[in-house]
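Here is a walk through one model, written for someone who would rather look at the structure than at a spreadsheet. Keep the viewer open as you read.

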Amino acid sequence: MIVTKFGGTSVENAAAMRNVCAIVRERLSRQPVVVSSACAGVTNALLKVAKTALVDARQSLDLVEGLRRRHIGIIKELFAEPAGQTLEVAVNAMMDELRDLAKSIAILGELTNRSLDTFASFGERLATLILCEYMRTQGMNAVRVNAQEVIKTSDEFTRATPLFDEIPPLARKLIGEKVQSGHVVVTEGFLGSTRAGIPTTIGRGGSDYSAAILGAALDAEEIQIWTDVDGMMSSDPSIIPTALPIPEMSFREAAELAYFGAKVLHPSTIIPAVKKNIPVRILNSRRPHIPGTVIVGEPKHPYPRPVKAIAHKRNITMVTIISTRMLMMHGFLERVFEIFARHERSVDVIATSEVSISLTLDSEEGLEVVLEELREVAEVEVQRNKAIFCIVGENLRHSKGIFPSLFGTLEDHGIEVAMISLGASEINVTIVVDGGQADLAAAVLHKAFCEPENA
Ligand code: ADP
Ligand code: ASP
Ligand code: MG
């Protein structure tokens, strides 16, 4: 069995859905389970419907009608007259329900995260409804399984945590058994529900994570992430056009890159795959013959350069905490991190010296209270608009000589390094630079360390 996940652009319109159908058909002998995202842009549009309802009911309902037209348009293109009609009725009923929800938000004047998840759930439900029905008309034995009945989660709406003990038996019963009886199961990514059945979502971009959770629960032989690029590349190809596809990567490398901004993979995707040692393959649905990237525990082929890829995140806040008395005060670090932990603020990168700690955060939510408490024990400096670069490669462990050239390259281009941290696993170096220099840093680092003629 394999789990095949199709992202938003891979199901964005009728042509894309036809393509998905062809990709799945070619893999029928491997018993594919299909996990689908919402059509590209639909999740954003649904959240906008909800938020607009608070301020302008008319405009919110217009947005619903736009979504109705888009989905009905896909149906009209994919299905011949009578076959599409039942589906149109079903889609129209869902759109009417969405209208009612938008109206109720407008009347109540209140929008909770719980309601947002209900709005968001429409995207994946619509996409799987259409995709599954289309596969059936193409002669495939496709059946839709409601992910909300399988992916049980906590009630942290908009970023719910999957309940890993409860999902596997449900996945085996509701999905595995159907696969064994010859069905192609089509299910929603991103969606889940609480034990009480209240809809949740597992965080933006979470369909990759859904696929990995299901892959692990069903002991799949492979988890395939079908997207709009030729695999995990040496940098984000939308920013660095010379980015190269990476044929093979370790779980550790992929996890670092995903965490530090390589959006092609949701940062949590690797966790379930590692537990069961299931390879994750990233593939391009527009160019299905390209081998893509395979992510495994231990790569089999040596990579010719120290650096495999570079990812970066912007809008980073850097906090420097200085204790002039640190030498005398054991327990200072503990005290600092206790404050962050108590306020549930997770820290990305840390660098310490005898008298100071620098750390980075990717959002300022709730930061003010943390700062207030920190100021009681230390001097605190906050620097905003920074960018973190994460330079990754298993070979870095044996290529310490790279550090002088890394800093030399940055210095040659006048890029100042605000902070540096060597990952404990020694396969990554993280550096923090000023946000204004992020584009330049991305370009020069890639050119110097990822492009074969230079690195
Ligand atoms: P999907 O809708 O299929 O989930 P995403 O938009 O979430 O697709 O992720 C694919 C995008 O990730 C690519 O279009 C690319 O711009 C971006 N990306 C960022 N970093 C990388 C990288 N290192 N390799 C490949 N793609 C990357
Ligand atoms: N549709 C969801 C999102 O846009 C989940 C996903 O595409 O992975 O965030
Ligand atoms: Mg994605």
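## Two helices side by side

Take helix H4 first: at 1.5 Å a residue its 28 residues should span 40 Å, and its end C-alpha atoms are indeed 40 Å apart, which agrees. The expected span here is 1.5 Å times one less than the number of residues. Helices (H or I, at least four residues) and strands (E, at least two) are DSSP runs, numbered from the N terminus.

A word on ground rules: this is a predicted model, where local features need pLDDT of at least 70 and side-chain atom pairs count only at pLDDT 80 or more, while totals for chains, interfaces and linings use all residues. Residues are numbered from 1 along each chain as its sequence is written, chains are lettered from A and ligands numbered from 1 in the order in which they are written, and side-chain values use heavy atoms, with hydrogens and water left out.

Back to H4. Its buried residues are Gly84, Leu87, Glu88, Val91, Met94, Met95, Leu98, Arg99, Ala102 and Ile105. Buried means under 20% relative accessible area, exposed means over 50%, and partly exposed is in between (1.4 Å probe, protein chains only). The cover over those H4 residues includes H2, H3 and H5; contact means heavy atoms within 4.5 Å. After H4 comes Gly109, with a positive phi near 65 degrees.

Helix H3 (residues 57–78) gets the same length check: 22 residues should span 32 Å at 1.5 Å a residue, and the end C-alpha atoms are 32 Å apart, which agrees. Buried in H3 are Ser60, Leu61, Val64, Leu67, Arg68, His71, Ile72, Ile74, Ile75 and Leu78. Looking down the axis of H3, these buried residues fall within an arc of 150 degrees, so they line one face of the helix. That arc is taken from the directions from the helix axis to the C-beta atoms. Turned away from the buried side is a face with the exposed residues Arg58, Arg69 and Glu77. Among the elements covering the buried residues of H3 are helix H1 (14–26), helix H2 (42–55), helix H4 (81–108) and helix H5 (113–137).

## The sheet and a hairpin

Now for the strands. Eight of them form an open sheet with mixed pairing, in the order S3-S4-S2-S1-S7-S9-S10-S8. Strands count as paired if DSSP finds at least two bridges between them. Strand S3 (142–145) and strand S8 (248–250) are the edges, each pairing on one side only. From one strand to the next, the twist averages 20 degrees.

Helix H7 (residues 207–217) packs on this sheet, touching strand S1 (2–6), strand S2 (32–36), strand S4 (184–188) and strand S7 (222–227), and its direction makes about 170 degrees with that of S1. Axes are lines fitted to C-alpha atoms, for helices over the stretch in contact, and angles run from 0 to 180 degrees between N-to-C directions.

At the S8 edge, 3 bridges join S8 to strand S10 (residues 293–296), and the two run parallel. Met249 stands opposite Ile295 in S10.

Elsewhere, strand S15 (residues 417–422) and strand S16 (residues 428–434) run antiparallel, joined by 5 bridges. Leu422 sits opposite Val429 in S16. The hairpin of S15 and S16 has 5 residues between the strands, and Glu426 there takes a positive phi near 60 degrees.

## Two residues with positive phi

Here are two non-glycine residues worth a click.

| Residue | Phi | Place | Relative accessibility |
|---|---|---|---|
| Gln31 | near 55 degrees | loop between H1 and S2 | 28%, partly exposed |
| Asn385 | about 50 degrees | strand S14 (residues 379–392) | 43%, partly exposed |

## A buried glycine and the cysteines

Gly203 lies in the loop between strand S6 (199–201) and H7, and is buried at 9% relative accessible area. Leaving aside neighbours within four places in sequence, Gly203 is in contact with Thr158, Arg159 and Phe190. Gly203 and Asp117 are 86 residues apart in sequence, yet 9.8 Å apart in space, C-alpha to C-alpha.

How many disulfides are there? The count comes to 0, taking a disulfide as a pair of cysteine sulfur atoms within 2.5 Å. For Cys21, the nearest cysteine sulfur is that of Cys132, 10 Å away. Cys21 is buried, with a relative accessible area of 3%. For Cys390, the nearest cysteine sulfur belongs to Cys450, 12 Å away, and Cys390 is buried at 0%.
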